[in-house]
Amino acid sequence: MGEAPLAQPLAARFGRGLPTLADRFDPRANSIGLLRMALAFAVLVAHCWPLALGRSMLGSSETMRQADVGKLAVYGFFVLSGFLITSSALRFSAPRYLWHRALRILPALWVCLLVTALVVAPAIAYYERGTLDGFWGHPQGPLQYLRANWLFAMDQWTISGILRDVPYGRGIESGGPVNGSLWTLRYEVLCYFMLAALAATAVLARARGAMVLLLLGVYGVIIEDFVRGDGLAVLPAKHGVLGPYPVVGTFEKHLVIYLTFAFLLGAVAKLYAHRVPMTGWLAALAAVGVAVTARVGGFYVVGVPLLAFLLLYLAVGLPRWLHSIGRKRDYSYGVYIYAFPVQQVVALLIGVRYGFVTYLAVSSAGTLVLAALSWHLVERPAMSLKDVVVPMPLRRGDGSPAGADFGPERATRAGVSATDAPAPPAVAAPALQPVEVQG
């Protein structure tokens, strides 16, 4: 790619103009789809340790619990989500933007909850007990599970006391979590509403500096946590809770702060793409920085911003033959919502009896099949309704390129990924963790 027509201040400090993110990012040809799939499967792999072996997440001990593989995937997803969805918030009116987000998340989530509660859970109960007596009328039964979780609150994690004999269920009297992966949904949706408010008040389009100030304000809290911590390997400090609120439940303040920070890194990178230098040697330095901070300390204050830069570089710097992955068929959301229950079922049926690799292979295959079905039967048809009910015009005058907020057909014509799926999590809700796998 050629250099930017206008020399950027940051690039000038290196003595010459450097290509920027705006120069190199092509909405018709990028590797974000591949990265999302890689991050989704990274979560699945990381979950194998607690779900199959009853151990801490992959990489937890090596990084002093700062940056296990699950956490890296979580923060990576929030960065990419912030980058992509900011385009959508700029391009569309707030109601239409929220309509698109609802279509992208809710139909597939509802089908997953129904399948889990009405098919998977009773099958597990019958396998474990040889009967369904007491299953449907249990105080934490399947209907209660649906009612508690239909709008991402995830206030009920188990169903009728099942999954007590799997590694990630032992020690939990009420039963093991059926789908612990869904806890990040409420935080992702919170970021969506934040962007909607900023777009509705014209902050995104006309006062973008306020986004930088917001990012710095959140970053200041993270720096303060680090300074007050003991040593370099400082984990997010507890800041209490927000709520409980009707329908959506309770938010952990530290998760709001730290996940919003990652989301804002992506959003600000999108808004100031013309000022973000994007070269291979800077990405190499970022990769080294992520590894060092994960191993030694300072991951949240230094490593997360470097991780954001590295992912954005990979989105534009990977070979072009990888750009088609995930553009027309994005299974990453399906992997996110189905991997955990599939892994719990496999842990129940065979565990690691035939070896860890077999457990991983069977879990991956089962998850991919359900993710594909979710995409073709639920997600893609749902997105075809994007112009129904909320037929509002596009925003005008902001000069924003198309985001990834299109239905499949239009996305194919525009060359943009059709999917802004939410981020997969590290694992289960903190209150339910029988092993040390903090998210």
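**Helix packing and the nonpolar core**

The structure, which is a predicted model, holds zero disulfides. Two of its cysteines can nevertheless be placed with respect to the surface: C112 is buried, with a relative accessible area of 0%, and C191 is likewise buried, with a relative accessible area of 1%. Both are counted as buried because the values, 0% for C112 and 1% for C191, fall under the cut-off of 20% relative accessible area.

The chain comprises 439 residues, of which 56% are buried, and its secondary structure consists of 15 helices and two strands. Among the contacts in the chain with a separation of 6 or more, 75% are accounted for by residues that lie 24 or more positions apart.

In soluble globular proteins, nonpolar side chains tend to be buried together. In the present model, the largest nonpolar core has 123 residues, and those with the most contacts inside this core are L21, I162, L204 and M211. The element that gives the most to the core is helix α10, spanning residues 253-271, with 14 residues. For L204, when residues up to four places away in sequence are not counted, the residues touched are A89, L90, L195, L198, A199, M211 and L271.

Three of these partners of L204, namely A89, L195 and A199, also appear in the contact between helices α4 and α7. Helix α4 (residues 69-91) packs against helix α7 (residues 185-200) at an angle of about 35 degrees, the axes being 10 Å apart, and the crossing of the two is right-handed. On the α4 side the contact is formed by F78, S81, I85, T86 and A89, which meet Y187, E188, C191, Y192, L195 and A199 of α7. By class, the residues of this contact divide into eight nonpolar, two polar and one charged. The buried cysteine C191 is thus itself one of the α7 residues in this contact.

A second helix pair is formed by α5 (residues 94-129) and α14 (residues 356-383), whose axes come within 8 Å and cross at roughly 145 degrees. The crossing of α5 and α14 is again right-handed. Here L103, R104, P107, A108 and V111 of α5 make the contact with S374, W375, V378, E379, A382 and M383 of α14. The residues of the contact of α5 with α14 comprise eight nonpolar, one polar and two charged.

Methods: Residues are numbered from 1 along each chain as its sequence is written. This is a predicted model: local features need pLDDT of at least 70, side-chain atom pairs count only at pLDDT 80 or more; totals for chains, interfaces and linings use all residues. Side-chain values use heavy atoms; hydrogens and water are left out. Axes are lines fitted to C-alpha atoms, for helices over the stretch in contact, and angles run from 0 to 180 degrees between N-to-C directions. Helices (H or I, at least four residues) and strands (E, at least two) are DSSP runs, numbered from the N terminus. A crossing is left-handed if the near helix is turned anticlockwise from the far one by less than a right angle, and right-handed if clockwise. Contact means heavy atoms within 4.5 Å. Ala, Val, Leu, Ile, Met, Phe, Trp, Tyr, Cys and Pro count as nonpolar, Asp, Glu, Lys and Arg as charged, and the others, Gly among them, as polar. A disulfide is a pair of cysteine sulfur atoms within 2.5 Å. Buried means under 20% relative accessible area, exposed over 50%, partly exposed in between (1.4 Å probe, protein chains only). A nonpolar core is a set of buried Ala, Val, Leu, Ile, Met, Phe, Trp, Tyr and Cys residues joined through side-chain atoms within 4.5 Å.
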